[in-house]
Amino acid sequence: MTAVEHDADVIVVGAGPGGSATAYHLARHGVRVLLLEKTEFPREKVCGDGLTPRAVRQLVRMGVDTSPEAGWLHNKGLRVIGGGVRLELDWPDLASFPNYGLVRTRLDFDDLLAQRAVAAGAKLRTSVNVTGPVLDPDGRVVGVEAEVGPEKEPATFHAPLVVAADGVSGRFPLALGLVKREDRPIGVAVRRYYRSPAKHDDNYLESWLELRSKDSGDNLLPGYGWIFGLGDGRVNVGLGVLNSSSAFGKTNYRRLLTDWLANTPTDWGMTDEANAEGPILGAALPMGFNRVPHYTRGVMLVGDSGGMVNPFNGEGIAYAMESGELAAEIAVQALARPAGAERERALTAYPMELKARFGGYYRLGGIFVKLIGRPEIMRMATKHGMPHPMLMRFVLKLLANLTDPRGGDAMDRVINAMTKAAPAV
């Protein structure tokens with residue numbers, strides 16, 4: 001068989017946070033990386049735009065300037081509203097994570113990360129829509145087929161390793177027969193931007209555990225809402241509904257959002273359609289490793305493509321970037337070995353390490369999703385939990401996955417013990 005010249009050592013499909021983080025860490029180790037993105041930057045993405053300290057840590061590891069002068073709005077923690085209580089919980093002070101969160105729109109956030117990858121040495125190509133894998137006679141992936149540019153010119157790119165970071169659609173893993181697991185949680189989120197001088201520079205992320213409309217009386221609307229200030233006169237407002245809720249798939253989510261916002265104070269600016277910027281957009285949240293295996297036949301799955309959204313809080317960016325860094329570290333070690341059994345042995349470390357890091361935690365998250373999908377349990381938890389700040393600080397650490405793995409306080413030790421004891425998903 002004729003040897004094929006490789007276009008790169010690794011092809012990364014998708015230049016979202018996971019793909020760009022993968023490409024950055026690979027390039028930093030001297031690996032030839034081809035980063036393929038189907039759209040052009042800057043581009044919109046449906047997201048809450050809020051970043052916890054877990055995501056901030058990954059930005060710092062990529063050398064990103066997260067100062068306010070560089071366009072980031074810092075926040076001190078999470079404001080939780082529910083059960084008639086309004087509680088402000090600061091991010092914990094930990095050795096392993098910074099003590100601040102950030103907000104920035106995905107419009108330039110993804111562009112910024114892609115440029116960090118380019119600066120490290122990755123080759124970025126936009127308007128390249130990857131349509132499927134190139135397989136060798138043994139069924140191993142050795143490249144990708146694509147359509148390039150507005151004319152959709154067919155193209156083929158070759159590499160001994162491919163990273164699928166193509167988001168929730170996961171078209172690349174789907175082409176390999178890797179379908180979503182129905183036994184794992186999934187959510188739907190919708191969001192919209194509003195002009196809101198009263199809320200735009202809030203130094204807390206705001207989470208609403210109970211949603212009510214003007215005419216719902218004491219009946220709760222399904223879902224959980226957020227209001228995140230962007231610092232530029234606007235806010236990102238949205239809500240999520242989990243598939244453990246009886247309302248999942250049977251609800252007009254856009255109407256649900258406007259019904260909730262109609263009940264907010266008028267000076268916030270969200271009751272007036274004239275203050276809205278752009279349409280209400282929605283997206284799925286693939287949670288708890290809902291697509292596996294994370295490595296097979298020359299392909300590693302990163303971020304949403306591998307269903308890595310945190311079931312506790314719907315956070316995806318931190319896990320996309322973290323899995324991207326891990327994939328890069330393991331790929332570097334694998335590519336240093338001869339092709340064949342030795343290299344494959346190194347690559348199998350990727351799903352094992354993901355499982356060790358997040359498997360037990362995601363198992364707990366799956367239980368949590370089932371519980372809060374029942375309104376009576378959610379109402380009881382909100383009523384009896386919210387008045388206790390100490391308990392809520394524990395809940396914040398658990399939901400945001402913010403603990404010190406070694407040492408730490410009593411809360412850290414309890415949470416770490418729980419995640420170790422839970423059987424990994």
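In this predicted model, helix α1 (residues 17-28) packs against helix α3 (residues 106-120), with the two axes 7 Å apart and inclined at about 15°. Angles under 35 degrees count as roughly parallel, and α1 and α3 are therefore roughly parallel to each other. The crossing of α1 past α3 is left-handed. On the α1 side, the contact is made by P17, S20, A23, Y24, A27 and R28, which meet R106, F109, D110, L113, A114, R116, A117 and A120 of α3. Sorted by class, this contact of α1 with α3 comprises nine nonpolar residues, one polar residue and four charged residues.

Turning to the strands, a pleasingly simple arrangement is found in an open sheet of three strands, ordered β3-β7-β4 and paired in antiparallel fashion. Strands β3 and β4 (73-75) form the edges, each pairing on one side only. Between β4 and strand β7 (residues 101-103), which run antiparallel, there are three bridges. Within this pairing, N75 is found opposite G101 of β7.

The backbone also offers some less common features. Most residues other than glycine have a negative phi, and most peptide bonds are trans. Against that background, the loop between β2 (33-36) and β3 (50-51) deserves a closer look, with P42 located there. The peptide bond joining F41 to P42 is cis, with omega at about -5°. The loop between β2 and β3 is also home to D49, a residue other than glycine whose phi is positive, near 70°. The relative accessibility of D49 is 1%, and D49 therefore counts as buried, the cut-off for this class being under 20%.

A second cis peptide bond is found further along the chain, between V292 and P293, where omega is about 0°. Here the proline, P293, sits in the loop that links β17 (276-286) and β18 (295-296). Beyond β18, the loop leading to β19 (299-301) contains R297. Like D49, whose phi is positive, R297 is a residue other than glycine with a positive phi, in this case near 50°. What is the exposure class of R297? Its relative accessibility is 34%, so R297 counts as partly exposed, whereas D49, at 1%, counts as buried.

How values were computed:
Residues numbered from 1 in each chain as written. Predicted model: local features only at pLDDT ≥ 70, side-chain atom pairs only at ≥ 80, totals over all residues. Heavy atoms only, no water. Helix = DSSP H or I, 4+ residues; strand = E, 2+ residues; numbered from the N terminus. Buried < 20%, exposed > 50% of the residue type's maximum accessible area, 1.4 Å probe, protein only. Axes fitted to C-alpha atoms, helices over the stretch in contact; angles between N-to-C directions. Parallel < 35°, antiparallel > 145°, perpendicular 65-115°, else oblique. Left-handed = near helix turned anticlockwise from the far one by under 90°. Contact = heavy atoms within 4.5 Å. Nonpolar A, V, L, I, M, F, W, Y, C, P; charged D, E, K, R; others polar. Pairing = 2+ DSSP bridges.
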